[in-house]
Structures are given as structure tokens and as C-alpha cells.
Amino acid sequence: MPELPEVETVCRGLAPHLSGRRIESVECLRADLRFPLPDMSVLHGRNCERVERRGKYLLFFFGDLLLVWHLGMTGRFHVLPAAVPRQPHEHVRLLLSGGECLIYRDARRFGYAGIMAADAWQMHPWFVRLGPEPLGDAFDTDYLAACCKGRRGPVKPLLMNAQVVVGVGNIYACEALFRSGIHPLRPAGRIARQRLQGLVGSVRAVLAEAVASGGSTISDFARVDGSPGYFSHAFAVYGREGEACQRCNGVIRRGVQAGRSTFYCPYCQR
DNA sequence: AAATGAACCTGTTTGC
DNA sequence: TGCAAACAGGTTCATT
């Protein structure tokens, strides 16, 4: 469910509730999600200094320990009063100083968590091969052109490859390709530099706009306070098979690429 | 090398 | 109406 804008929205929602709070108790309602859960009792009594995001990972800093959490497809965090009843698919609950609790819910349990040394997380296997942040300076035309050079595979899976650039999932890959007029099946190595420049701009723009809208809610995603993200209303192609293209009035098509639905305008995207 | 498909799970929607 | 198949925002691994 969550791509960069959704994880960023969760991160911003969590920060004011977590920063400066102590973990009073830890409740794990099951031993594993996608992977075995770490022993979270080591966080007991520790103070959370800050919450950050790297790619689609959330980072909770606790002194020399770091709690890392990936939401998978249906993971969500909520901060609620400590006395709140069990929530559907609730798997972990951390009681916080100040009377609130942090609840992790995840219907499909594709999410996962880990605890590692706070000064060495970037060397962890989850992070060591990640590409640059799409909203940072390192993601530019030169960089993307170097990634595409000589590659005969289609551009869309490349855009969704976290080793190339983090945070771009199925929705925003479709949207960014539409905005830049590039067909999702086009071989990555056969895109003119000027069009790659446009693609870099489209990726950055669509992600920034989605962050400003609080992410996209299709069915599962919710912010920390339970409210939805509004960017789904702004989709140009995602989920719009059979509808009219807003640019050329042609019919939006859906195809399957690498096992994922791809939405595109066959007239605008070449 | 690189692309596809399956696997991990459950809930919801679609189609016969 | 009911049941089964298809499908869903992610990631990793084995197989062509």
C-alpha cells in the first residue's frame, strides 16, 4: 500500500507523538509478521528521540538502538489513547509516556521490523544497496541516464527498483510515466536524455504533490490519526482503465507488467 | 544479464 | 444469490 508519500505522511504524523516519549511497555500479539519480530522488550524504558524515513522504511531512534519498520502492503500505525480496545489485525502495541499508545496493524502481515545499532543502520542489508531519495539532489538527469544506459528492459520496473531510486511504487511509477509521456514498456536505454530529464521532474513533482496531499488512500492506507490521504483524486491514469485521458481524450489502458497492473495512455505515452 | 512468476497473507471486488 | 477467481500500495527468491 504505501509508497514514499504514504510513508512520509505516516512519519510526519508519528513524529509529534513519539519524539521525547518513553516506552513504558511493549505488547507483541504474535511472534512474526513477514519475518520474526525482534525482541522489542529492549526498548522498554528508552526514550524516542526522533522518527525519520529512508525510502519506504520508518526509522525510530532510541539512543544507540534503532527500530526500523517497513509497512509492506497493508501495514499502518495509529497513535491512540492507551486504554483503547484492540484494533482489527493489531499485532504490536507500545505504551508511551503521556498516556498514548502506538499501535501497528497489518491485515496481510507483509510488514516487517528490526532493531539494530543506530550508528550502523546504513550498513544493514535492508539499506546498503538502496538508491538515492527521489526528492534529494542525488536523483538527477545524469544519475538516471547512467542507470538507464545500455538497459534493454522496460523503464517502469527500473523506476520501481529500489536499487535505482527508492520510494517509487506501482502507483507513482504509472503517474510519473504518464506525466513525462513515456510508454511504460519502452526500453530504458532507448529514452532520449531530454525525456529522462522530464521523467526526473515528473517523479519529483508527483511525489511532492502526493506528500502535500497526505498520500493516496485506495482502501487500506490511513494516516496516524485515521484520516485518509487525498492524492488518489489526482490520479491521471492509475485505476482509470477505460476512462478518457485528460490530455488527449483517448482511452486509458491497463496492462500487466512484471506481474503488476500498469495504467497508461497509449496515445500520449510513447 | 535481465525478465517473469511465485511466494509471503488476508480482504475485497469481479465474473460466471 | 453464491461461489470462485482475480486482484491489491512491497520485496525477495528461483526459474527461464
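1. In this predicted model, Arg54 is placed opposite Tyr57, a residue of strand S3. The two strands concerned are S2, spanning residues 50–54, and S3, spanning residues 57–62; they run antiparallel and are joined by five bridges. Together S2 and S3 make a hairpin, with two residues between the strands. Gly55 belongs to the turn of this hairpin and has a positive phi of about 60°.

2. On the overall division, chain A comprises domain 1, residues 4–123, and domain 2, residues 141–264. The contact between them draws on 18 residues from domain 1 and 17 residues from domain 2. As to their separation, the C-alpha centres of domain 1 and domain 2 are 28 Å apart.

3. The area buried between domain 1 and domain 2 is about 1400 Å². Of this area, 68% falls on carbon and sulfur atoms. On the side of domain 1, Pro5, Glu6 and Thr9 account for 35% of the area buried against domain 2, more than any other three residues.

4. Which polar interactions cross the interface of domain 1 and domain 2 deserves a separate point. The rule for salt bridges finds zero across this interface. Polar contact is nevertheless present, with four residue pairs counted between domain 1 and domain 2, both residues of each pair at pLDDT 80 or more.

5. Which elements supply the side of domain 1 that touches domain 2? Helix H1 (4–18) and strand S5 (75–81) each provide at least two residues of that side. H1 gives the most, contributing 10 residues. By residue class, the side of domain 1 that touches domain 2 consists of six nonpolar, six polar and six charged residues.

6. Although the interface of domain 1 and domain 2 has zero salt bridges, the count by this rule comes to 16 salt bridges. In general, side chains of opposite charge can pair when their charged atoms come close. One pair of this kind is Arg12 and Glu8, whose side chains meet in a salt bridge with an N to O distance of 2.7 Å. Why are Arg12 and Glu8 separated by about one helical turn? Arg12 and Glu8 are four residues apart in helix H1, and therefore about one helical turn lies between them.

7. To recapitulate the points on H1: this helix gives 10 residues to the side of domain 1 that touches domain 2, and Arg12 and Glu8 lie four residues apart within H1.

Key:
Residues numbered from 1 in each chain as written. Chains lettered and ligands numbered in written order. Predicted model: local features only at pLDDT ≥ 70, side-chain atom pairs only at ≥ 80, totals over all residues. Heavy atoms only, no water. Domains from an automatic or database assignment. Contact = heavy atoms within 4.5 Å. Buried area = accessible area lost by both parts, 1.4 Å probe. Salt bridge = Lys/Arg side-chain N within 4 Å of Asp/Glu carboxyl O. Polar contact = N/O pair within 3.5 Å; in protein donor to acceptor, adjacent residues only side chain to side chain. Nonpolar A, V, L, I, M, F, W, Y, C, P; charged D, E, K, R; others polar. Pairing = 2+ DSSP bridges.
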